[in-house]
Amino acid sequence: MTLRHSIFSVLVFLLLSSASFAQIAIGDDIPDLDYGMPHKYIIGGIVVTGVQYLDNSVLVSLTGLRVGDNIEIPGDKIHSAIQKLWEQGLFDDVKIMVDGVQGNQVFLNIILKERPRMSKFSFSGIRKGEADDLRDKIKLVSGDVVTENLLVRSKNIIKKHYIGKGYFESDVKIIQVPDTSRANYVILKFDIKKNGKVRIANINITGNDQISVTALKSSMKKTKEKGAYKIMTLAQESFFGLFEHVLTGKLKKYPDFVVNTFDENFRFRVFKSSKFIQEDYAEDKLNLVKKFNDNGYRDAQLLKDSVYKSGPGLINIDLKVTEGHKYYYRNIAFVGNTKYTAEELALILGIRKGDIFRQDQLDAALQFNPNGVDISSLFVDDGYLTCQIEPVEVNVENDSIDLEIRIREGRQMTINQVIVKGNTRTNDHVIIRELYSVPGHLFSRSDIIRTRTSLAQMKYFDPEKIDIQTPNVNAADGTVDVLYGVEETSSDQLELSGGWGYGRLIGTLGVSFNNFSARNFFKKNAWQPVPSGDGQKLSLRMQSYGKGYLSFSTSFTEPWLGGKRPQQFSVSAYVSQYSYSSTTSSSYNIAGLSFVFSRRLNWPDNYFNLSHTISFQRYKLKNYTSLGTTISGNGNYQNYSYSIALGRYSTDATIYARSGSEVSISLELTPPYSLIAKQKYSTMSNEDKYRLVEYHQWKIMGTFYKQLVGDLVLMARTKQGFLGKYNKDLEVTPFNRYFMGGDGMSGYSAIDGRQLIGFRGYSNESMTPDAYTNSPTGGIIFSKQTLELRYPLSLNPNSTIYGLAFVEAGNEWLKFKNYNPFDLKRSAGVGVRVFLPMFGLLGLDWGYGFDNIPGMPSANKGQFHFSINSSID
């Protein structure tokens with residue numbers, strides 16, 4: 001047999017015995033060997049050739065061949081060595097050559113061809129943000145060997161990522177492009193076509209008996225059928241139609257299917273689509289079972305589910321469930337409690353014998369109830385931080401459950417240290433004075449929650465990133481450390497705005513430094529760009545439309561007067577000058593000064609605030625006729641007033657609040673000059689009776705926030721105001737009147753002190769009863785109600801954005817006898833709010849006013865409104 005025939009025989013043998021195409025061969029200068037019969041040799045030496053980036057000794061070790069081993073050629077050891085090298089996935093070709101034979105010794109040469117390595121990779125067909133997400137998932141690194149496994153794994157990860165996003169028909173192609181700058185390196189290009197998300201055509205649920213399919217589908221909050229869009233539209237129409245009928249007193253009985261549609265679908269369909277998202281689907285399968293559990297069916301199970309294509313871009317979902325029995329509570333006992341009696345705990349638990357078993361109700365009653373007190377918080381608020389509460393079903397008989405709630409109270413924990421981290425600009429003492437967790441006091445969850453609210457309301461920190469931890473809990477000595485992590489955000493604001501007044505545009509330029517430091521004012525190195533960190537507020541503001549009008553105001557606020565108690569002191573001053581040249585020259589000068597002192601109360605709770613204000617205003621008028629006909633508009637007028645306000649502010653955030661409320665009631669008084677000097681007033685001219693401005697003003701305001709589902713929030717607001725007089729023989733003062741309508745930004749407010757009430761869907765100040773006249777007097781009573789649905793588009797503290805839909809109802813009246821709380825003008829619309837730290841809260845709304853304004857045919861219907869810092873609210 002010739003040498004060539006021997007080599008051919010070996011190749012045929014290896015091809016038949018292995019899936020690889022590796023070769024064993026001998027060199028041309030090797031003596032003839034008879035490969036028809038295997039020969040035994042001793043390995044005299046092994047060399048590796050063809051590799052550049054791998055260690056030769058490691059490769060030899062992987063083969064299992066060693067110098068001095070006995071070997072047959074051909075034989076199993078050679079075959080096994082080739083297989084082991086192929087299994088590494090690192091090579092395009094594997095050969096084992098016989099380099100020489102000396103007696104009974106054979107010398108082997110392992111010849112390898114390395115697979116290329118990846119120098120870099122890129123994506124096409126997707127956005128940059130998506131590409132960044134994929135980079136984090138496939139975790140490729142420059143220098144990785146481009147194996148088949150690497151390519152398949154990367155492709156599968158990408159497809160799985162897009163399946164999870166609802167793109168079931170995505171296509172991924174991987175192109176290898178040689179890197180001309182590096183030998184044996186390639187560039188991987190991932191060409192991705194998402195091909196659109198699939199939508200859910202039908203959700204089919206079987207096996208349910210007592211709970212309806214509609215209720216079960218509603219429990220799947222993010223996985224909805226395509227046809228649900230019609231239901232959503234119907235629900236929205238029923239909501240706004242219902243509100244309109246309530247306002248007009250024409251409320252009629254809505255069909256049951258409309259009411260049920262709203263109740264079961266509207267709460268969950270807002271901003272939701274029928275696109276299939278794998279993660280949402282997995283969550284909603286749990287929600288489906290939870291729906292059964294919440295209605296007493298604790299044995300309910302999802303037996304089987306399947307997702308399959310039903311058409312182009314459409315899928316169906318089949319869900320098979322089993323309800324099981326409906327269970328009820330029978331006997332409930334408490335074990336291990338010493339701090340509170342069983343009767344006290346049962347009252348908090350709120351579950352009675354015979355109630356339907358509901359796991360969510362039980363969990364909320366035991367701990368972390370978002371809507372009230374739970375048993376866990378009862379203990380934790382009294383220092384029992386390590387308290388453990390475990391509900392145990394001690395007996396299940398037929399449809400009845402006996403429950404034993406086992407309590408291990410542990411030891412009362414005292415706060416050892418309170419640590420604040422992350423404040424880079426705000427000084428420590430500014431934060432520490434807002435903390436309700438104090439070293440030496442018992443640990444309290446309520447104090448933790450109150451502190452978080454207080455930190456959020458400061459506006460210096462990102463409310464979404466306030467992190468509260470208890471890093472050190474020492475059960476041995478009964479102490480705990482509390483850590484508050486904060487992240488600073490910009491709080492200073494620049495105002496650039498325009499309002500319409502006197503037939504022209506009035507521009508406003510203002511700046512507010514909301515974390516100012518007056519004590520560092522004269523320190524040169526503190527100006528970066530202004531002294532900051534002490535929580536004080538300094539505001540400067542200027543308005544003008546040219547040389548005819550100029551207004552300047554400034555204010556300073558110290559939130560902790562004296563540094564020991566939460567008592568705020570503010571001082572503000574402003575001057576305005578207006579002149580107009582015509583056939584009759586007119587001018588208006590006003591100067592004002594006010595002092596405000598307020599303090600936080602501890603009763604009824606520490607969300608209450610009581611404030612006192614003393615203010616002075618001096619008006620100097622000449623031929624000024626924009627205040628109605630009560631006065632001639634010539635001479636000097638003075639206003640000295642005192643006001644007191646009681647408020648409660650408990651919102652969880654300042655920009656996008658999800659819960660809490662803002663409620664206040666205020667009374668502003670001037671001295672009753674006409675009653676004190678009644679005889680003197682009887683001899684005065686009609687003009688002089690109004691030189692000393694007198695009135696009493698009452699205001700009630702309330703705003704309430706309710707988180708409906710996810711980040712969807714319902715906001716309800718009411719505002720009421722009444723401007724009264726002391727003397728029945730005098731008219732209500734022409735100053736400080738109410739003007740309703742529009743964006744609340746009219747330039748008149750700064751010129752003559754009128755109070756603007758924004759109302760969307762109507763033009764500026766058009767809702768005043770005599771707005772169509774040349775000299776409207778303004779109202780003395782106003783009422784306004786608002787409902788808004790809000791949903792955030794971005795909660796980034798540097799650019800918070802949320803959309804809203806609103807309905808409003810309100811009106812104002814010239815005289816108290818004309819007041820009718822049911823005579824309201826109505827509007828509805830949509831809007832968006834953008835919070836930028838430098839500019840504050842900017843708003844754009846479109847509103848439609850449903851009611852005509854006498855004498856002003858274009859004042860209602862479709863109106864766009866721009867607002868700054870909630871001026872329209």
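Below are some exercises on this predicted model, each with a worked solution.

Residues are numbered from 1 along each chain as its sequence is written, and side-chain values use heavy atoms, with hydrogens and water left out. Because the model is predicted, local features need pLDDT of at least 70 and side-chain atom pairs count only at pLDDT 80 or more, while totals for chains, interfaces and linings use all residues.

**Exercise 1: the overall picture**

Find how many helices and strands the protein has, and what share of its residues is buried.

*Solution.*
- Step 1. Start with the elements: there are 17 helices and 36 strands. Helices (H or I, at least four residues) and strands (E, at least two) are DSSP runs, numbered from the N terminus.
- Step 2. Now the burial: of the 873 residues, 45% are buried. Buried means under 20% relative accessible area, exposed means over 50%, and partly exposed is in between (1.4 Å probe, protein chains only).
- Step 3. Next, the surface: about 43500 Å² is exposed, and carbon and sulfur atoms supply 54% of that. Such areas come from the Shrake-Rupley method with a 1.4 Å probe; for residues, only the protein chains shown count as cover.
- Step 4. Finish with contacts (heavy atoms within 4.5 Å). Take those with a separation of 6 or more: 63% of them are between residues 24 or more positions apart.

**Exercise 2: a helix with one buried face**

Check the span of helix α3, then work out where its buried residues sit.

*Solution.*
- Step 1. The expected span of a helix is 1.5 Å times one less than its number of residues. Helix α3 (residues 76-87) has 12 residues, so it should span 16 Å, and its end C-alpha atoms are indeed 16 Å apart.
- Step 2. List the buried residues of α3: Ile-78, His-79, Ala-81, Ile-82 and Leu-85.
- Step 3. Look down the axis of α3: these buried residues fall within an arc of 160°, so they line one face of the helix. The arc is that of the directions from the helix axis to the C-beta atoms.
- Step 4. Turn to the face away from the buried side, and you meet the exposed residues Asp-76 and Glu-87.
- Step 5. Just past the end of α3, Gly-89 has a positive phi of about 70°.

**Exercise 3: what covers a helix**

Which residues of α9 are buried, and what covers them?

*Solution.*
- Step 1. Helix α9 (residues 278-293) has 16 residues and reaches 23 Å from first C-alpha to last, close to the expected 22 Å.
- Step 2. Its buried residues are Asp-280, Tyr-281, Asp-284, Asn-287, Leu-288, Phe-292 and Asn-293.
- Step 3. Their cover includes β9, α6 (213-219), β10 (301-311), β11 (314-322) and α11 (359-366).

**Exercise 4: salt bridges**

Which parts of the chain does the salt bridge between Arg-600 and Glu-434 tie together?

*Solution.*
- Step 1. Side chains of opposite charge can pair when their charged atoms come close. Here a salt bridge is a side-chain nitrogen of Lys or Arg within 4 Å of a carboxyl oxygen of Asp or Glu.
- Step 2. In the Arg-600 and Glu-434 pair, the closest N and O atoms are 3.2 Å apart.
- Step 3. Arg-600 is in strand β24 and Glu-434 is in the loop between α13 (428-432) and α14 (445-457), so the pair ties together parts that are 166 residues apart in sequence.
- Step 4. Compare the partners: Arg-600 is partly exposed at 24% relative accessible area, whereas Glu-434 is buried at 8%.
- Step 5. Zoom out: a search of the whole structure finds 35 salt bridges. One network of them links Arg-760, Lys-784, Glu-788, Arg-790, Glu-808, Arg-833 and Asp-845.

**Exercise 5: backbone oddities**

Where are the cis peptide bonds from Gln-528 to Pro-529 and from Trp-603 to Pro-604, and where is Asn-195?

*Solution.*
- Step 1. The bond from Gln-528 to Pro-529 is cis, with omega near -5°. Pro-529 sits in the loop between β20 (504-516) and β21.
- Step 2. Trp-603 and Pro-604 are also joined by a cis bond, with omega about 0°. Pro-604 belongs to the loop between β24 (586-600) and β25 (608-622).
- Step 3. Asn-195 isn't a glycine, yet its phi is positive, about 65°. You'll find Asn-195 in the loop between β8 (185-193) and β9 (199-206), partly exposed at 49% relative accessibility.
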